Amino acid sequence: MFGKRGKSDGTATISGLTQPKQASSTPIPNSASNASLNPARVADARSNKTHEISSQVIADIEHNKPEEYFVTKSMIFGALIEAIDLSQLSKLDNDGAREELRDIINEIVVLKNVVMSIAEQEEMLDDICNDVLGYGPLEPLLARDDIADIMVNGANRTFIETQGRIQLTSVKFRDNQQLMNICQRIVSKVGRRVDESSPICDARLMDGSRVNVIAPPLAIDGPVLTIRKFRKDKLTLDQLVRFGAISPEGAQILQIIGKVRCNVVISGGTGSGKTTLLNCLTAYIEPDERVITCEDAAELQLQQQHVVRLETRPPNLEGQGAVFMRDLIKNCLRMRPERIIVGEVRGPEAFDLLQAMNTGHDGSMGTLHANSPRECLSRLESMITMGGFSLPSRTIREMICSSIDIIIQATRLRDGSRRITHVTEVMGMEGDVIITQDVLVYEITGEDANGKLLGSHKSTGIGRPKFWERARYYNEEGRLAAALDAAEKLGEAA
């Protein structure tokens, strides 16, 4: 069978393997033979391959296996390390390698006369495969599609966010070193590193989920790993309507904004859904448009055929070779883009993005952290000033007004729900002040018995927004007028 190390006579066997190899000759970065895994979680992940795992798994996590389980697992793991050929295993894809490991582990169980039920054997198979090929105790959480965030605060405390609420799980790692090994495994797959000399790292998983790691000595109680998970079924504006994040009329207006190539900035706090909303808006980009995305960690999931994805690069061990967001945006202008999408504006690259929006790249988009549309404009001005540009404030504000058409404000409310609270136009300057007008506003009207906030999206009565002529140019003024009228009537009825 594949993966078995042969005897000197060339025959393949795994009988008599009772001692695991020494750690120095076992190049597995996450060989957690004593890992404190909760097999109930693994069983849930195994039996729900479609990732439709109920929230009851949180209660099941609290159920621990006896100590004999971990002793048996350690023995099987040691025999497995002796039996496999890592160089051959690395040539297989994940599914193929997992199947080969399962075959070898099954033979080890038979040869070692290990007595366990079929269900226990399946749980142990998944445990060991996760340790060798995956992310150990994180695998069952990563398999669940109802989890938005995974927050690991050291080896012994793991939190998740589901349905807008944060809750503690009993997921634990063997020690901080096992957690650090997993962090290094994650970031190394995208060509980055995290260690004592470079203790902060932004990375991503293969599915686009955002990863942040901060390691000792900066993190005092052990490595801190934060994963912002992306749903496997990508959200659409229609789904946001069903969730109540935006009204049907508001969704229609956002569709038109995305299609008629308005320059858009999506503003919001941490976890408010900015990137999700940006993904939804990009769905209405025409398939023949050339789109270039610039991100610190590539997480946007555009569906068009003509998309170029760019990602920044941190410095190497010598502190050289860093590529910053400004460098990517400047290079975009030489790549014949029709739209430039910036994952998150957080520094002097704001100036370059505004320049691109103002020089023929209509329909460009970006996100930034701010609590209101007015604060969004202030932050843009602050970021440009921090970049060392010695421009008068009025000049910067005029640049903002001529570049940005729409600000969309996303907010996470205190009940955990996410709402689009403002769709705001940038009108121009009046003196030294930027003038804006709200097209759509979300108003909270109360709270139900379960503590869920109630509210509705209301039109502000704007008959012809500033982007009306742009909508007419793209033959969308009829749809825009109908959506605005419907939103106004709904607001009057409310």
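**Strand E11, helix H6 and the nonpolar cores**

Visitor: Which residue stands opposite Met-365 in E11, coming from Ile-341's side?
Guide: Ile-341 itself stands opposite Met-365 in E11. Keep in mind that this is a predicted model. Ile-341 lies in strand E10, residues 339-342, which runs parallel to E11 and is joined to E11 by two bridges.

Visitor: And which strand pairs with E11 over five bridges?
Guide: That's E7, residues 264-268, and the pairing is in the parallel sense. Here Val-264 stands opposite Met-365.

Visitor: Is E11 mostly covered or mostly open?
Guide: Mostly covered: four of the five residues in E11, 365-369, are buried.

Visitor: What kind of unit do E10, H13 and E11 make?
Guide: A right-handed β-α-β unit, with helix H13 spanning residues 349-357.

Visitor: Switching topic: which residues touch the most other members in the largest nonpolar core?
Guide: Leu-254, Ile-257, Val-264 and Ile-408, out of 37 residues. Helix H10, residues 248-259, gives the most to this core, with five residues.

Visitor: What is Leu-254 in contact with, beyond its sequence neighbours?
Guide: Leaving aside neighbours within four places in sequence, Leu-254 is in contact with Leu-237, Ile-246, Leu-277, Leu-281, Ile-408, Ile-420 and Val-423. Another core, of 34 residues, lies apart from the largest one and includes Met-335 and Phe-389.

Visitor: Now H6. How far apart are its end C-alpha atoms?
Guide: They are 22 Å apart, which agrees with the span expected for 16 residues at 1.5 Å a residue.

Visitor: How many of the H6 residues are buried?
Guide: 12 of the 16, so to speak mostly covered. Among them are Met-124, Asp-127 and Leu-133.

Notes
Residues numbered from 1 in each chain as written. Predicted model: local features only at pLDDT ≥ 70, side-chain atom pairs only at ≥ 80, totals over all residues. Heavy atoms only, no water. Buried < 20%, exposed > 50% of the residue type's maximum accessible area, 1.4 Å probe, protein only. Pairing = 2+ DSSP bridges. Right-handed = clockwise from strand over helix to strand, strands pointing away. Expected span 1.5 Å × (residues − 1). Core = buried A, V, L, I, M, F, W, Y, C linked by side-chain atoms within 4.5 Å. Contact = heavy atoms within 4.5 Å.
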